[in-house]
Amino acid sequence: MDEATVVHDHDEHWMRHALALAERAEREFNEIPVGAVLVGGDGQILGEGWNLNIADHDPSAHAEIVAMRRGGKRLANHRLLGSTLYVTLEPCAMCAMAIVHARVARLVYAASDPKTGACGSVFNLLGDARHNHRVDIHGGVLALEASHRLTNYFRAKRGKPLLTLQPPAG
């Protein structure tokens, strides 16, 4: 198994943190519930964020971008070398390219995005061999929880009944 497919012991821990940020985005800002946490190679939080594009009237204020901006400020560097970005939804093209440009070492995401996912679902921008930086990717960590929150957010917006989270059979 290569590094790109390894789930580290702490991945679930940090993804739960990102899920809590997603919940905060919805509860406090009525934003699409996506959360992200950027963790340095030493295991310390460099930056965290949640979607703020609606609240800030900023189309670039996705959770990943917010977390990376905060991490860059904390490090006083636009390069986020050795870091891992945890996000509750597969990044879009904008976020994927920001991840490459920031030199993030590893991306761990929860739910795949079949409409705009750019890390393997619709596009695979991070896997393009023409880039001068490679990002190890692992998707699907706590995907059920993240997908459920996103589905219910949009169901509520459309006035549809919310779904209950059903654990996988087996």
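**Exercise 1. Helix H3 and its cover**

Task: In this predicted model, find which residues of H3 are buried and what covers them.

Solution: Start with the surroundings. The cover over the buried residues of H3 includes H2, S3 and S4. Next, go along the helix itself, which spans residues 93–102. Its buried residues are Cys95, Ala96, Ile99, Val100 and Ala102. A general rule helps in reading such a list: an α-helix has 3.6 residues a turn, so residues three or four places apart point the same way. Finally, look just past the end of the helix: Arg103 follows H3 and has a positive phi, near 65°.

**Exercise 2. Met68 and the nonpolar core**

Task: Work out which residues Met68 is in contact with, leaving aside its neighbours within four places in sequence, and which elements contribute two or more residues to the largest nonpolar core.

Solution: Begin with the contacts. With those neighbours set aside, Met68 is in contact with Leu38, Leu80, Leu85, Cys95, Ala98, Ile99, Ala102 and Val104. Now widen the view to the core. The largest nonpolar core holds 45 residues, and Met68 is listed with Met15, Leu85, Ile99, Val104, Leu107 and Leu126 as having the most contacts inside it. Two or more residues each come from H1, S1, S2, H2 (63–75), S3, H3, S4 and H4 (143–157). H1 gives the largest share, 6 residues. As background, nonpolar side chains tend to be buried together in soluble globular proteins.

**Exercise 3. A residue of H2: Leu75**

Task: Decide whether Leu75 counts as buried, exposed or partly exposed, then find what Leu75 touches.

Solution: First, place the residue: Leu75 belongs to helix H2. Second, compare its accessibility with the cut-offs, where buried means under 20% and exposed over 50%. Leu75 has 39% relative accessibility, so it counts as partly exposed. Third, list the contacts. Not counting residues up to four places away in sequence, Leu75 touches Leu46 and Leu80. For a sense of distance, take Ile65: it is 10 residues from Leu75 in sequence, and their C-alpha atoms are 15 Å apart.

**Exercise 4. The sheet and its hairpin**

Task: Trace the strand order of the open sheet, then describe how S1 and S2 are joined.

Solution: Start with the whole sheet. Its 5 strands are ordered S2-S1-S3-S4-S5, and the pairing is mixed. The edges are S2 and S5 (136–139), each of which pairs on one side only. On average, neighbouring strands are turned by 15° against each other, direction ignored.

Then zoom in on S1 (residues 35–39) and S2 (residues 45–50): they run antiparallel and are joined by 5 bridges. To check the register, see that Ala36 stands opposite Gly49, while Val37 stands opposite Glu48. The two strands form a hairpin with 5 residues between them, and Gly43 in the turn has a positive phi of about 85°.

To finish, add the helix: H1 (residues 11–29) lies across S1, S2, S3 (84–89) and S4 (106–111), running at about 140° to S1.

**Exercise 5. The whole protein**

Task: Find the pattern of helices and strands along the sequence, and say how compact the protein is.

Solution: Count the elements: there are 4 helices and 5 strands. Read along the sequence, they give α-β-β-α-β-α-β-β-α. The radius of gyration is 15 Å, close to the 15 Å from the globule rule for 170 residues, so the protein is as compact as a globular protein of that length. As a last step, note that buried residues make up 42% of the 170 residues.

Conventions
Residues numbered from 1 in each chain as written. Predicted model: local features only at pLDDT ≥ 70, side-chain atom pairs only at ≥ 80, totals over all residues. Heavy atoms only, no water. Pairing = 2+ DSSP bridges. Axes fitted to C-alpha atoms, helices over the stretch in contact; angles between N-to-C directions. Contact = heavy atoms within 4.5 Å. Core = buried A, V, L, I, M, F, W, Y, C linked by side-chain atoms within 4.5 Å. Buried < 20%, exposed > 50% of the residue type's maximum accessible area, 1.4 Å probe, protein only. Rg over C-alpha atoms; globule rule 2.2 N^0.38 Å.
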